[in-house]
Amino acid sequence: MMQWLREVSRRVYRSIVEMGRIERSVHVGASLSVADILVSLYFGRGLRDDGAPTRRDWLILSKGHAAPALYAVLAELGVIDRSLLPRIRSIDGLEGHPSISIPGVDVSTGSLGQGLSIGAGIAYAMILDGTADQYKVFVILGDGELDEGQVWEAAGTITHYNIYNVIPIVDVNGFQLDGPTEKVKRKWDIPGRWRSLGWRVVECDGHNHSAILDAVKAAEESRRPTVIIAYTRRGKGIGRLEKTGAQHL
Ligand SMILES: [Mg+2]
């Protein structure tokens with residue numbers, strides 16, 4: 001299983017880099033950092049869809065600028081046609097940020113900070129419908145995105161109402177915009193910030209599929225809101241991008 005996930009990830013990495021070569025403005029670094037998380041969720045855990053909004057899993061890529069990673073995974077799944085990938089950010093192709101006009105994209109994102117609020121609303125609807133134990137809402141945020149105040153409004157609301165079936169995963173790659181988070185805006189104690197709002201925190205290596213899946217399992221089994229803090233490398237796998245401020249090839 002893990003060997004297979006690594007192979008899928010390698011193909012996803014390659015697709016991301018190819019998109020970055022064709023359209024130089026796409027965010028290659030941020031896409032590579034989140035690729036293993038997406039592969040673990042879509043291929044390792046698997047997302048269920050039983051045909052109704054509260055009878056399905058949701059995946060919200062709140063850090064929408066990493067759209068190439070999502071598109072590459074959707075192409076691996078056969079949900080979108082692989083021939084669309086080279087047409088990223090072209091008028092007849094894929095939008096630069098996830099859009100619900102694209103098959104397989106659950107929520108339109110890109111304006112940072114909104115995904116967790118959307119996820120909280122969907123997850124609360126599941127609680128009201130009695131489906132919260134079967135289906136989950138995954139929301140993937142960047143560490144830079146934590147600067148958005150709306151993230152913390154949602155975080156406090158989720159714990160207040162114990163909306164335990166929304167699972168945020170923070171892709172902590174240590175960079176935002178064109179610099180290290182320490183320089184652009186220091187994040188201080190990320191796990192501590194979530195804990196202070198009543199969250200349970202699970203930390204993992206965001207490039208190790210089995211560690212990611214263990215963290216997801218722990219979060220799913222919890223009856224309390226649980227956030228996954230995944231430590232990653234921006235530009236993973238590409239020497240001249242890895243752990244640098246560079247986003248583009
Ligand atoms: Mg980041």
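# Exercises on a predicted model

Strand 1 and strand 2 pair in the parallel sense over four bridges. The model is a predicted one, and the exercises below begin with its sheet.

## Exercise 1. The sheet

Determine the order of the strands in the open sheet and state which strands stand at its edges.

*Solution.* Work across the sheet one pair at a time.

Step 1. Begin with strand 1 and strand 2: within this pair, Ile60 stands opposite Val139 in strand 2.

Step 2. Strand 2 (residues 137-142) runs parallel to strand 3, and six bridges join the two. Leu141 is placed opposite Val170 of strand 3.

Step 3. Four bridges connect strand 3 with strand 7 (residues 226-231), again in the parallel sense. Ile169 has Ile228 of strand 7 as its bridge partner, and Val172 is bridged to Tyr231 of strand 7.

Step 4. Strand 7 also pairs with strand 6, in parallel and over six bridges. Here Arg200 has Thr226 in strand 7 as its partner.

Step 5. Put together, the pairs give an open sheet of five strands in the order 1-2-3-7-6, with parallel pairing. Strand 1 and strand 6 (200-205) are the edge strands; each has a single partner strand, so one side of each lacks a neighbour in the sheet. On average, and ignoring direction, neighbouring strands of this sheet are turned by 20° against each other.

## Exercise 2. Strand 3

Decide whether strand 3 is enclosed or open to the outside, and explain why.

*Solution.* Take the two faces of the strand in turn.

Step 1. A residue is counted as buried when 20 or more other C-beta atoms lie within 10 Å of its own.

Step 2. Val166, Pro168, Val170 and Val172 point one way from strand 3, while Ile167, Ile169 and Asp171 point the other way; all of them are buried.

Step 3. Seven of the seven residues of strand 3 (residues 166-172) are thus buried, so the strand is largely enclosed by the rest of the structure.

## Exercise 3. Helices and the sheet

State the handedness of the β-α-β units that contain helix 5 and helix 8, and describe how helix 4 and helix 8 lie on the strands.

*Solution.* Treat the units before the packing.

Step 1. A right-handed β-α-β unit is made by strand 2, helix 5 (residues 149-160) and strand 3.

Step 2. Strand 6, helix 8 and strand 7 likewise form a right-handed β-α-β unit.

Step 3. Helix 8 (residues 209-221) lies across strand 3, strand 6 and strand 7 and runs at about 170° to strand 6.

Step 4. Helix 4 lies across strand 1, strand 2 and strand 3, and its direction is at about 170° to strand 2.

## Exercise 4. Helix 4 against helix 5

Describe how helix 4 and helix 5 cross, and name the residues that make the contact.

*Solution.* Two packed helices are described by the angle between their axes and the distance between the axes.

Step 1. The axes of helix 4 (residues 115-129) and helix 5 come within 8 Å and cross at roughly 25°.

Step 2. Angles under 35 degrees count as roughly parallel; helix 4 and helix 5 are therefore roughly parallel to each other.

Step 3. Their crossing is left-handed. From helix 4, Leu116, Ser117 and Ala120 make the contact; from helix 5, Gln150, Val151, Ala154, Ala155, Thr157 and Ile158 do so.

## Exercise 5. Helix 3

Find how many residues of helix 3 are buried and what covers them.

*Solution.* Count before looking at the surroundings.

Step 1. Helix 3 (residues 67-77) is mostly covered, with nine of its 11 residues buried. Among them are Leu70, Tyr71, Val73 and Leu74.

Step 2. The cover over these buried residues includes helix 1 (2-22), helix 2 (28-45) and strand 1 (58-61).

Step 3. Just after helix 3, Gly78 takes a positive phi of about 80°.

## Exercise 6. Positive phi outside glycine

Locate Arg89 and Leu177, and classify each as buried, partly exposed or exposed.

*Solution.* Consider one residue at a time.

Step 1. Arg89 is in the loop between helix 3 and helix 4. Its phi is positive, about 60°, although Arg89 is not a glycine. With 17 other C-beta atoms within 10 Å, Arg89 is partly exposed.

Step 2. Leu177 is in the loop between strand 4 (175-176) and strand 5 (179-180). Phi of Leu177 is also positive, near 45°. Leu177 has 12 other C-beta atoms within 10 Å and is exposed.

Technical notes
Residues numbered from 1 in each chain as written. Predicted model: local features only at pLDDT ≥ 70, side-chain atom pairs only at ≥ 80, totals over all residues. Pairing = 2+ DSSP bridges. Right-handed = clockwise from strand over helix to strand, strands pointing away. Axes fitted to C-alpha atoms, helices over the stretch in contact; angles between N-to-C directions. Parallel < 35°, antiparallel > 145°, perpendicular 65-115°, else oblique. Left-handed = near helix turned anticlockwise from the far one by under 90°. Contact = placed C-beta atoms within 7 Å.
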